[in-house]
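Please open the model in your viewer and keep the sequence panel beside it. The tour below moves from one selection to the next and says what is found at each stop.

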Amino acid sequence: PVTEAMRIVDEDDSGIDRAFRTDVLLGLSQRQKAIPARWFYDERGSELFEDITKLDEYYPTRAETEILKANGPEFADAVGKGAAVVEFGSGSSAKTPLLLQAIAPAAYVPIDISGDFLRASAEQLSAKFPGLPVCPVEADFTKRVAMPDAIDGLPRLGFFPGSTIGNLVPRTAVDLLREMRETLCDGRDRAAKLLIGMDRVKDTAVLQSAYDDAQGVTAAFNLNLLHRINRELAGTIPVDYFAHRALWNDGIARIEMHLEAQRDMSFTVCDKRFDMARGETIHTENSHKYTRRSANALLLAGGWTPTHHWRDAHDRFMLILADA
Ligand code: AVI
């Protein structure tokens, strides 16, 4: 059974438009031009991301799924039965059913900012698990979210798969981990756990091709941001003058995606003029990769104590369980 989605959103659509406009205009005015990766995910961007997850080169989705499939009984032991699973950003993916099957939870609370997406995935999940109460919450999970009354008194397991944490710089990642802790503990001293997916540092060539695939799907995903700006912010960006770049920044252990100008150019966005020189880039995404130690350090800084650690057979990805 799916309860009606609880809605905790203070931005209406015009608020989201404004935030996009501000991020783009400010981002293009910086010396190193940069636009936050969250703006990749319009309808087309979300479709392209789904396509990325099926690419041969993009190992994280398969590796994480492998860990979930291989360790069901261990998850159940570590988490215990009858928890409420709270998923941050309810994916349309196959990962959630694997976790739910393994641990037989008492309720499932998907949180997502996109109401339509949330309701669709809640219905799908409920069809697979007919006896399970599904209580969707439409909200921005980067801030503390009030939990539905239905899970009062149940132990809570946060689920944040996909290494989405890796798209945040450490300071923002720590803030998010702290907010998740507040959400799960209700701001009190309540026990809670977090199961989080984190991508591992590995051979540079493997990382590079995961973010610059042969078919050009990741390139299309990156360039789609420019199409979105042209469409939603009255932009005149000549998209064909840009090339997709994925670079490994070894000092910070992250893949950076950029859009590189292939020639000098000028364009306008919301009537504001921008100039770019050939070779200049717009930085569009960071995807941090972790070692066991750096992952543990990040979790500890965010208020979580790691207790269990699982990897896939090729050491590409890890799932970490942590206590609040
Ligand atoms: C959503 N996120 C974890 C993806 C990643 O791997 O950082 C986004 C992505 N960017 C390019 N390919 C996939």
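**First stop: the ligand**

Select the ligand together with Asn167, where a nitrogen atom of the ligand is 2.8 Å from an N or O atom in the side chain of Asn167, a polar contact being a pair of N or O atoms within 3.5 Å (within protein, one must be able to donate a hydrogen and the other to accept it, and residues adjacent in sequence count only if both atoms are side-chain atoms). Taken alone, the ligand exposes 340 Å², of which the protein buries 96%, with accessible areas from the Shrake-Rupley method and a 1.4 Å probe. This is a predicted model, in which local features need pLDDT of at least 70 and side-chain atom pairs count only at pLDDT 80 or more, while totals for chains, interfaces and linings use all residues. Residues are numbered from 1 along each chain as its sequence is written, and side-chain values use heavy atoms, with hydrogens and water left out.

Add Tyr211, whose side chain has an N or O atom 2.5 Å from an oxygen atom of the ligand, and then Ser287, where a polar side-chain atom lies 2.7 Å from an oxygen atom of the ligand. Widening the selection to the 14 residues around the ligand (a heavy atom within 4 Å), you will find that Tyr58, Asn167, Tyr211, Glu285 and Ser287 come nearest. This shell divides into seven nonpolar, six polar and one charged residue, and α2 (43-53), α9 (217-232) and β12 (281-288) each supply at least two of its members; helices (H or I, at least four residues) and strands (E, at least two) are DSSP runs, numbered from the N terminus.

**Second stop: strand β6**

Now select residues 156-160, strand β6, where five of five residues are buried, that is, under 20% relative accessible area (1.4 Å probe, protein chains only). Arg156, Gly158 and Phe160 point one way from the strand, and Leu157 and Phe159 the other way.

Show the neighbouring strands next: β3 (residues 84-88) runs parallel to β6 and is joined to it by four bridges, with Ala84 opposite Arg156. Strand β7 (residues 192-199) also pairs with β6 in the parallel sense, over five bridges, and there Ala192 is the bridge partner of Arg156; strands pair if DSSP finds at least two bridges between them.

**Third stop: Phe317**

Finally, select Phe317 in strand β14 (residues 317-323), which counts as buried because its relative accessibility is 0%. Measuring C-alpha to C-alpha in the viewer, Phe317 and Tyr59 are 8.7 Å apart in space, although 258 residues apart in sequence.

How values were computed. Ala, Val, Leu, Ile, Met, Phe, Trp, Tyr, Cys and Pro count as nonpolar, Asp, Glu, Lys and Arg as charged, and the others, Gly among them, as polar. Buried means under 20% relative accessible area, exposed over 50%, partly exposed in between (1.4 Å probe, protein chains only).
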